[in-house]
Amino acid sequence: MLFHRKLRELPELNTTSTADISFMLLVFFLVTSSMDTDMGLGRQLPPADEQQQEQRDISRSDVLQVRIDGSDALYCDNQPVTAEELQQQVESFVASRQSPRHVIAVETDRQTSYQAYFEMQNAVVAAYARLRDRLARNRYGKPFRRCNSDERAAIMERYPQRISEGIAIYHEAQPQKGGVK
């Protein structure tokens, strides 16, 4: 006698709530995680139309020359300096100007490393930040970051960040002693 065996059906899994759970997990991770944002250098680009640019004559006494050569040596008005010394020199230079018509002229070599360039930029920006913070504390009795927009505008008008950047190409064109390059 042959026995017929009943095939048992496997019970189905109830998957109706898995979509809800996965959506809630996704929302949870999006809300609780933080995305690191890159901070950049705030620079104002010149206008696209050449005719909109205004030519200004600036006296040599209102220009502080900063240069980084191909071996990452830092110079301020042709004197070798460290980043800390550069910050102090920029701060005293900008503070000593009676009018806000000063310019920090930055010149880099094509061989300059990014590390040296950003150390120089950090020193210049730190000098402006210190000057603005000192002025805010003197005028308004609070640090610059706590000033309202009108107070910040007045401080930034007194200490505008004027940086002119260029690439040094004359170092490559200088002839070496003993012959033509």
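1. How many of the 7 residues of strand 4 (residues 103-109) are buried? The count is 5, so strand 4 is mostly covered, buried here meaning under 20% relative accessible area. Keep in mind throughout that this is a predicted model.

2. Start with the overall layout. The protein chain has 5 helices and 5 strands. Read from the N terminus, their order is α-β-β-β-α-β-α-α-β-α. The chain holds 181 residues, and 25% of them count as buried. About 14600 Å² is exposed. Carbon and sulfur atoms supply 52% of that area.

3. Next, the contacts along the chain. Take the contacts with a separation of 6 or more. Residues 24 or more positions apart account for 67% of them.

4. Strand 1 deserves a look alongside strand 4. The two strands pair in the parallel sense. Their pairing runs over 6 bridges. Across from Arg67 stands Glu107, a residue of strand 4. In a regular strand, side chains alternate between the two faces of the sheet.

5. Val66 is a good residue to inspect here. Strand 1 (residues 63-68) contains Val66. Is Val66 buried or exposed? Its relative accessible area is 1%, so Val66 is buried, the limit being under 20%. Setting aside neighbours within four places in sequence, Val66 is in contact with Leu74, Tyr75, Leu86 and Met120. Val66 also contacts Ile104, Ala105, Val106 and Glu107. Ser164 is 98 residues away from Val66 in sequence. In space, the C-alpha to C-alpha distance between Val66 and Ser164 is 10.0 Å.

6. Two arginines sit over rings. The charged end of Arg67 lies over the ring of Tyr75, 4.4 Å from its centre. Arg67 is also the residue opposite Glu107, while Tyr75 is among the contacts of Val66. The other case is Arg152, whose charged end sits over the ring of Phe144. There the distance to the ring centre is 5.0 Å.

7. Now the aromatic pairs. A pair of aromatic rings is described by the distance of the centres and the angle of the planes. How many aromatic pairs does the structure count? There are 3 aromatic pairs. One of them joins Phe28 and Phe29, with 5.4 Å from centre to centre. The planes of Phe28 and Phe29 stand at 70 degrees, and the pair is edge-to-face. Phe28 is partly exposed, at 48% relative accessible area. Phe29 has 52% and is exposed, because exposed means over 50%.

8. The rings of Tyr117 and Phe118 make another pair. Their centres are 5.4 Å apart. Their planes meet at 75 degrees, so this pair is edge-to-face, the cut-off being over 60. Tyr117 counts as buried, at 18% relative accessibility. Phe118, at 38%, counts as partly exposed. Tyr114 joins Tyr117 and Phe118 in one aromatic cluster.

9. Check the cysteines. A disulfide is a covalent bond between the sulfur atoms of two cysteines. The structure holds 0 disulfides. Cys76 is buried, with 2% relative accessibility. Cys147 is buried as well, with a relative accessible area of 7%.

10. Two loop residues have backbone angles to note. Most residues other than glycine have a negative phi, and most peptide bonds are trans. Asp72 has a positive phi, near 65 degrees. Where does Asp72 lie? Asp72 is in the loop between strand 1 and strand 2 (74-76). It counts as partly exposed, at 31% relative accessibility. Asn78 also has a positive phi, near 65 degrees. Asn78 belongs to the loop between strand 2 and strand 3 (79-80). At 55% relative accessibility, Asn78 counts as exposed.

11. Last, a charged residue in a helix. Glu151 lies in helix 4 (residues 149-158). Which residues does Glu151 touch, not counting residues up to four places away in sequence? They are Tyr140 and Lys142. The relative accessible area of Glu151 is 14%, so Glu151 is buried, since the limit is under 20%.

Technical notes
Residues are numbered from 1 along each chain as its sequence is written. This is a predicted model: local features need pLDDT of at least 70, side-chain atom pairs count only at pLDDT 80 or more; totals for chains, interfaces and linings use all residues. Side-chain values use heavy atoms; hydrogens and water are left out. Rings of Phe, Tyr and Trp (its six-membered ring) pair if their centres lie within 6.5 Å; planes under 30 degrees apart count as stacked, over 60 as edge-to-face and the rest as tilted. Buried means under 20% relative accessible area, exposed over 50%, partly exposed in between (1.4 Å probe, protein chains only). A charge sits over a ring if NZ of Lys or CZ of Arg is within 6 Å of the ring centre and within 35 degrees of the ring normal. Helices (H or I, at least four residues) and strands (E, at least two) are DSSP runs, numbered from the N terminus. Contact means heavy atoms within 4.5 Å. Two strands pair if DSSP finds at least two bridges between them. Accessible areas come from the Shrake-Rupley method with a 1.4 Å probe; for residues, only the protein chains shown count as cover. A disulfide is a pair of cysteine sulfur atoms within 2.5 Å.
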